[in-house]
Amino acid sequence: MKKNINIAVVGLGQIGNYLLNELNAKKKDIELKTGKKIKVVAISAKNPNKKRKFKINKNIFYKNPLDIIKKNNTDILFEAIGSSDGMSKKIVELSLKNKIHVITPNKALIAKHGDYLSLLAEKYKVNLEFEASVAGGIPIIRTIKEGLATNKISKIYGILNGTCNYILSEMENTKDSFSNVLKKAQKLGYAEPGNPKLDLNGYDAFAKVRILSSLAFNKNISKHKCLVEGIENIDFKDINIANQFNFRIKLLGITELINNKLFERVHPCLVKKKILTLEMLTV
Ligand SMILES: NC(=O)c1ccc[n+]([C@@H]2O[C@H](COP(=O)([O-])OP(=O)(O)OC[C@H]3O[C@@H](n4cnc5c(N)ncnc54)[C@H](OP(=O)(O)O)[C@@H]3O)[C@@H](O)[C@H]2O)c1
């Protein structure tokens, strides 16, 4: 079995950049635990001259990620560009077809093309791993796929978007308005500075719901239209009213089978204060 594992990291933003740093810092631990020596052989981002949080090795930098595949020395490619199509899809597709394992936290890509990409991975006998695409810190994907493989799941619901959760909690704690708390979240890096819309309008959580449904209910990723409502219209007065009745407002992603029919939705919900921790555990 191969002892040296060559890794390529495509996308050096929040995630790719931190991953590179972690791989570097934990190289020895990884070898100790897995017996594998890892080496980053290629990195790629859009702008080669951008100032990044951690130092990068310019000698292994590729402006075009597709050129990495031509080198033919990558075992695992980590995709962290983050779009549902375009270069994200191209590089993942090409990697799988060249028998390169792929790891991605890209829920937009998996929610749109997960079925097709999984079939490709199967066909070329490589892994397509996307644990970090949904609630990476829990982690839920492997638990559903492996730990709960023989269980019958009827419903999954939970808080699936950290940005919304921060904003709702902070509004409750500081009694401040949605717009002020959003500005604070952007300053702290919890919400995208340019366009936080995808987090706030519920569509980030919805992509995660679709991934969870397909895994939990053994179905293809659904294409139906669903109720998706974000938190943009919630203000402190709503939180205050909920509070008077001992509720909190949380953005929940919900997927369930009713009479063998799939119902998926994302919207703000009233959650009883005292059972909140229990509810969160059921994510
Ligand atoms: N941020 C989080 O907390 C978080 C958590 C869980 C999952 N995720 C997922 O992780 C993925 C990455 O998120 P992120 O926050 O790291 O995104 P990001 O900060 O926007 O980074 C995207 C990276 O992709 C690079 N890129 C764009 N187009 C490219 C191209 N054609 N070729 C090569 N590189 C290209 C960009 O290059 P430049 O740097 O040169 O512009 C940038 O480095 C997304 O799918 C996201 O949903 C993120």
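Q: Which residues come nearest to the ligand?
A: Start with the shell of residues around it. In this predicted model, 20 residues surround the ligand, and Leu12, Ile15, Asn47, Lys50 and Arg52 come nearest.

Q: And how does that shell split by class?
A: Sort the residues into nonpolar, polar and charged. Here you get nine nonpolar, seven polar and four charged residues around the ligand.

Q: Where do backbone atoms come up to an oxygen atom of the ligand?
A: Look for N or O pairs within 3.5 Å. Leu12 offers a backbone N or O atom 2.8 Å from a ligand oxygen. For Gln14, a polar backbone atom lies 3.0 Å from an oxygen atom of the ligand, and for Asn47 that kind of distance is 2.7 Å.

Q: How much of the ligand's accessible area does the protein cover?
A: Take the ligand on its own, then put the protein back. Alone, the ligand has 910 Å² of accessible area, and the protein covers 70% of that.

Q: Let's zoom out. What domains is the chain divided into?
A: Check the residue ranges, then the spacing. Domain 1 runs over 4-133 and domain 2 over 155-281; their C-alpha centres are 29 Å apart. Eight residues from domain 1 and nine from domain 2 take part in the contact.

Q: What is the area buried between domain 1 and domain 2, and which atoms give it?
A: Read the total, then who supplies it. About 700 Å² is buried between the two domains, with 63% of it coming from carbon and sulfur atoms. On the domain 1 side, Lys107, Ala111 and Asp115 supply 64% of what that domain buries against domain 2, more than any other three residues.

Q: How many salt bridges are there between the domains?
A: Count the bridges, then find the partners. There is one salt bridge between domain 1 and domain 2. The side chains of Lys107 and Asp204 form a salt bridge, at 3.3 Å from N to O. Two residue pairs are in polar contact across this interface. As for classes, the side of domain 1 touching domain 2 has three nonpolar, two polar and three charged residues.

How values were computed: Residues numbered from 1 in each chain as written. Predicted model: local features only at pLDDT ≥ 70, side-chain atom pairs only at ≥ 80, totals over all residues. Heavy atoms only, no water. Near = heavy atom within 4 Å. Polar contact = N/O pair within 3.5 Å; in protein donor to acceptor, adjacent residues only side chain to side chain. Areas by Shrake-Rupley, 256 points an atom, 1.4 Å probe, with all protein chains shown as cover. Nonpolar A, V, L, I, M, F, W, Y, C, P; charged D, E, K, R; others polar. Domains from an automatic or database assignment. Contact = heavy atoms within 4.5 Å. Buried area = accessible area lost by both parts, 1.4 Å probe. Salt bridge = Lys/Arg side-chain N within 4 Å of Asp/Glu carboxyl O.
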